[in-house]
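This report sets out the architecture of the model shown below, chain by chain and then at selected positions.

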Amino acid sequence: MRIPNDLILRTTTNLIAFILLAFSIYLFLAGHSSPGGGFVGGLMTSAAFVLMYMAYGFDTVRKIIPINFRLFIPIGLSIALLTGLGSFVFNQPFLSQTFAYFHLPVFGEKELATALLFDLGVYITVIGVTMTIILSIAEDRE
Amino acid sequence: MLLIVLLPLIFAFFIPFINKRKEKIHTGYFVLAIPLVIFIYFARHLGTDFEPITQHFAWIPSLHISFDFYLDGLSLLFVLLISGIGSLVTLYSIFYLDKSERLGHFYIYLLMFMSAMLGVVLSDNVFVLYTFWELTSISSFLLIGYWHFNERSRYGALKSMLITVIGGLSMLGGFILLSNITGTTSIQGILSESEMILNHSYLPLIMGLLILGAFTKSAQFPFHIWLPDAMEAPTPVSAYLHSATMVKAGIYLVARMSPLFHGYDWFFIVVGGIGILTLCWASFLAIKQTDLKGILAFSTISQLGMIMTMLGIGTEVAVFAAMFHILNHATFKGSLFMIAGIIDHETGTRDIRKLGGLMTLLPISATLAFFGTFSMAGVPLPFLNGFYSKELFFESTLHGSEYSASFAMFIQHILPWLAVFGSIFTFIYSMYFVFGVFRGKAKIEQLPKKPHEAPIGMLISPIVLIIGVIVIGLFPTIVNSPLLAHAAYAVSGVHEEHHIAYWHGLDAKFLMSLAVVGIGTVLFMTKKKWETLYQKLPTRWTFNRLYDQFVTKIEPFSATITKGYMTGSLRLYTQLIVVAMFIVSIFTLVTSDGFAFLTADPSEIKISELLVAVMMVVAAIGTIVARNNVAAILILGVVGYGLSILFVIYRAPDLALTQLVIETITVALFLLCFYHLPKMKPKQDTVRTKLLNAAISIGFGTLLTLVAISSHSSKWFPSISEYFIETSHTLGGGDNVVNVILVDMRGLDTLFEITVLGIAALGIYSLIKIRRNKEVD
């Protein structure tokens with residue numbers, strides 16, 4: 001497919017995609033205490049990728065980001081499942097979450113929760129799902 | 001006794017090994033030992049000082065189902081018939097069935113039947129009795145369909161199966177009711193609770209169910225139609241099952257249960273009335289038959305009707321006569337079937353119109369047939385046992401019990417007349433049988449085979465039976481006290497040794513016998529003159545036709561019903577589902593007083609909410625009336641965005657965010673799909689369809705609104721959400737309560753929801769990528 005010369009779209013994409021990615025990571029990390037979370041974060045990340053695909057075409061983006069998004073689905077599900085199974089190590093029921101406060105070098109006193117790991121699973125799965133669906137339909141040439 | 005009952009079944013397992021050598025020795029010789037052993041085992045019990053024997057073998061003790069065997073006079077009479085005639089039939093079948101037939105199958109079925117029949121008459125447990133009862137139906141089905149390549153055989157087998165199984169199931173219903181009411185599964189136990197059953201409100205139902213089972217098995221009117229078609233079975237089978245044993249299982253059941261219903265008017269009306277009707281109708285129809293076995297089949301039906309009548313009358317004389325006739329009928333009818341088989345075997349046809357003048361060609365068979373038919377006709381000669389039981393039958397019709405019900409009295413009055421009427425026709429078909437086959441002009445050139453006398457082995461069994469006829473005829477008292485008195489005692493509960501004698505003086509019953517012979521002879525001589533009567537019989541409304549119509553029509557009928565609602569139209573299915581939900585919900589709401597409209601604490605309606613709601617309503621209506629698919633999708637998007645605005649107003653930021661993104665993706669995907677779809681023609685619905693759809697959707701919408709309002713108005717418990725809000729920070733370590741619930745408190749839901757998403761994505765991927773070439777399929 002011949003890609004038309006969309007200079008304005010591509011230039012703005014260069015900016016907006018990173019803003020979107022940054023925002024999505026914010027949504028994901030802030031989810032535990034403010035609106036957001038793995039689900040919306042994942043959707044937003046996919047939106048950034050989709051924008052790149054739209055601006056630069058499939059071949060180019062695949063060269064820049066050589067990721068097979070389908071693999072995200074099992075990876076994300078495994079992470080979510082393993083965090084659940086992890087609670088067995090501490091002799092707790094399945095999917096027990098906990099949290100603690102740590103003093104980190106740059107960020108100072110911060111709360112870290114195991115729920116974030118579970119959310120990471122959700123986040124990765126959602127990216128995988130969205131990208132798989134959109135790319136499969138978009139690449140269908142028959 | 002368990003071993004002796006199951007002996008034939010156990011032996012059946014060895015038949016395949018024996019049958020391998022059938023070319024050398026006929027398999028039947030090995031089988032012959034089994035019924036002989038059983039006969040000898042039970043014959044030991046014969047005698048005047050016989051006492052009932054009970055034996056118990058546990059099967060399913062928790063359900064009170066056990067192999068309880070009870071051997072009293074009635075059972076003894078039947079087991080002797082089953083094993084005795086079984087031996088003779090096995091002997092006969094050795095000469096009747098060629099070695100090229102599938103002998104293994106035949107003898108396995110026959111042994112199966114023998115076990116089942118012994119089980120029926122010996123069981124004291126109702127459920128074990130039912131088990132064996134159905135086993136007789138199944139083995140009879142297999143035996144009738146023995147020549148399964150023959151279409152008529154398959155038809156007959158199916159017909160007998162359907163009718164007897166319907167009866168069997170109804171009998172099971174009766175048994176279940178009986179054991180529930182009395183609290184016991186033992187027949188003797190149930191019989192001892194006769195008072196309780198007679199006063200129970202279920203009495204007519206129980207009697208009806210049991211009698212239906214007995215009538216279908218014993219081929220009583222109008223369930224007699226299966227028996228003539230069962231004549232497609234090999235003749236030994238017809239002789240054994242369809243004259244001597246299985247068709248008497250119904251008789252056995254009625255006899256066994258009659259102490260229960262003794263003195264109940266309707267028992268006499270149903271059993272006696274239907275019995276005499278069967279006797280008359282079947283003996284009348286027997287003359288119409290042209291097939292030898294057809295005549296014998298209708299004859300069997302009418303004789304069974306006669307026994308049933310006597311059981312219905314239920315006086316001591318009648319019960320004694322019934323027991324006597326069970327024995328007599330088994331002897332002469334068994335031999336007549338065997339003779340019919342010999343004629344078929346030796347001439348190649350059973351059509352009475354082609355036969356005639358065989359007396360000189362088959363002299364032994366002719367002699368045997370003479371004794372058999374004359375005994376069946378009840379001709380007053382002192383060496384024919386049929387005469388004695390017929391005379392006792394006349395006697396019992398004359399002296400019945402006194403009944404209070406007028407209908408019972410009416411039947412009581414016409415009973416002797418009907419008995420004479422039926423007996424006249426019995427006489428005519430008996431003469432028709434013997435004279436039609438053996439007298440007249442021989443038409444040898446028309447016969448498929450050149451007739452000659454049967455081999456001696458084939459003749460042994462009928463000879464033995466006819467000797468039985470003559471011996472009982474000459475010395476009727478020899479079976480009296482050792483066997484019949486015990487059998488009659490088991491049914492009527494009265495010890496009476498009835499005196500059987502040839503000459504009682506010139507009383508009413510003897511005059512009835514003379515009338516039968518006199519009028520019968522006249523009618524037989526003038527048969528050609530009145531035979532045209534049979535052509536005037538209706539052919540349109542017969543029970544056979546009814547059965548055929550039922551069997552052939554029921555399948556298209558159910559297909560019509562199924563096709564009526566299983567049209568394949570998804571729209572119709574949705575309509576049915578929605579309407580069903582509507583009806584059930586409204587019904588529940590109305591009956592459970594579910595409507596509740598509390599207007600106590602509705603929150604204030606803000607102008608912004610109202611605006612959004614109006615926008616959504618307009619968009620929703622727009623979606624319905626939109627003519628263009630793409631337009632409809634876009635307008636539907638408005639509803640979705642409106643919803644996310646509502647989420648914002650109602651302070652659900654997570655929901656609003658998610659709803660916004662998801663709505664965008666959905667609309668985009670929709671557009672993508674419809675872009676590729678062929679342009680659809682607008683559906684041309686009639687006004688009626690549109691109105692119907694509108695009515696259904698408005699109704700369902702109203703219902704859901706009502707349910708929502710009612711459930712909102714009736715809050716019975718405080719919400720759990722307070723707990724989440726309080727503990728979100730302390731337990732979950734987060735301030736976003738929604739997120740804490742999703743990943744922490746109810747993480748399992750989320751785990752499976754992302755699994756659902758993963759499966760959906762992989763499904764879409766495989767749908768699109770994996771394509772089989774159409775030509776390959």
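Helices and strands are taken here as DSSP runs, at least four residues long for a helix and at least two for a strand, and are numbered from the N terminus. In the predicted model, this numbering places His262(B) in the loop between helix H13 (247-261) and helix H14 (265-286) of chain B.

**The loop at His262(B)**

With a relative accessibility of 53%, His262(B) counts as exposed, because the threshold for that class is over 50%. Once residues up to four places away in sequence are set aside, His262(B) touches Leu198(B) and Gly314(B). The separation between the C-alpha atoms of His262(B) and Ile313(B) is 9.7 Å, although these positions lie 51 residues apart along the chain when counted as sequence distance.

**Overall form of the two chains**

The secondary structure of chain B consists of 32 helices and two strands. Chain A has five helices and two strands, arranged along its sequence in the pattern α-α-α-α-β-β-α.

The radius of gyration of chain B is 39 Å, whereas a compact globule of 777 residues would have a value near 28 Å. For chain A the figure is 18 Å, against a value near 14 Å for a compact globule of 142 residues. Further values for each chain are set out in the table.

| Chain | C-alpha box along principal axes | Buried residues | Accessible surface |
|---|---|---|---|
| Chain A | roughly 60 × 35 × 25 Å | 42% of 142 residues | about 8000 Å², 71% from carbon and sulfur atoms |
| Chain B | roughly 115 × 65 × 55 Å | 51% of 777 residues | about 37100 Å², 70% from carbon and sulfur atoms |

Among contacts in chain B between residues at least 6 apart in sequence, 79% link residues at least 24 apart. In chain A, residues 24 or more positions apart account for 63% of the contacts with a separation of 6 or more.

Chain B carries 49 positive and 46 negative side chains, and the centres of these two sets are 16 Å apart. Chain A has 7 positive and 8 negative side chains, with 10 Å between the two centres.

**Nonpolar cores**

In soluble globular proteins, nonpolar side chains tend to be buried together. The largest nonpolar core in this model comprises 198 residues, and the members that touch the most others are Phe42(B), Phe175(B), Met257(B), Phe261(B) and Met323(B). Helix H16 (residues 316-347) of chain B contributes the largest share of this core, 19 residues. Apart from this core lies another of 19 residues, including Leu21(A), Ile65(A), Ile124(A) and Leu135(A).

Which residues are in contact with Met323(B), leaving aside its neighbours within four places in sequence? They are Leu74(B), Leu77(B), Ala255(B), Leu311(B), Leu484(B), Ala487(B), Ala488(B) and Val491(B).

**Backbone features in loops of chain B**

The peptide bond that joins Phe221(B) and Pro222(B) is cis, with omega about 0°. Pro222(B) is situated in the loop between helix H10 (203-217) and helix H11 (226-229).

Positive phi values occur at two further loop positions, neither of them glycine. At His64(B), phi is near 60°, and the residue lies in the loop between strand E1 (53-60) and strand E2 (65-71). His64(B) has a relative accessible area of 55% and is therefore exposed. At Arg651(B), phi is likewise near 60°; the loop concerned runs between helix H27 (629-649) and helix H28 (653-676). The relative accessible area of Arg651(B) is 73%, so this residue is also exposed.

**The loop at Ala596(B)**

Ala596(B) belongs to the loop between helix H25 (570-591) and helix H26 (607-625) of chain B. Is Ala596(B) buried, partly exposed or exposed? Its relative accessible area is 22%, so Ala596(B) is partly exposed, because residues count as buried under 20% and exposed over 50%.

Leaving aside neighbours within four places in sequence, the contacts of Ala596(B) are Ile709(B), Ser710(B) and Ser713(B). Ala596(B) and Ile698(B) are 102 residues apart in sequence, and their C-alpha atoms are 21 Å apart in space.

Terms used
Residues are numbered from 1 along each chain as its sequence is written. Chains are lettered from A and ligands numbered from 1 in the order in which they are written. This is a predicted model: local features need pLDDT of at least 70, side-chain atom pairs count only at pLDDT 80 or more; totals for chains, interfaces and linings use all residues. Side-chain values use heavy atoms; hydrogens and water are left out. The radius of gyration is taken over C-alpha atoms; the globule rule is 2.2 Å times the number of residues to the power 0.38. Buried means under 20% relative accessible area, exposed over 50%, partly exposed in between (1.4 Å probe, protein chains only). Contact means heavy atoms within 4.5 Å. Accessible areas come from the Shrake-Rupley method with a 1.4 Å probe; for residues, only the protein chains shown count as cover. Lys and Arg count as positive and Asp and Glu as negative; His and the chain ends are not counted. The place of a charge is taken as NZ of Lys, CZ of Arg, CG of Asp or CD of Glu. A nonpolar core is a set of buried Ala, Val, Leu, Ile, Met, Phe, Trp, Tyr and Cys residues joined through side-chain atoms within 4.5 Å.
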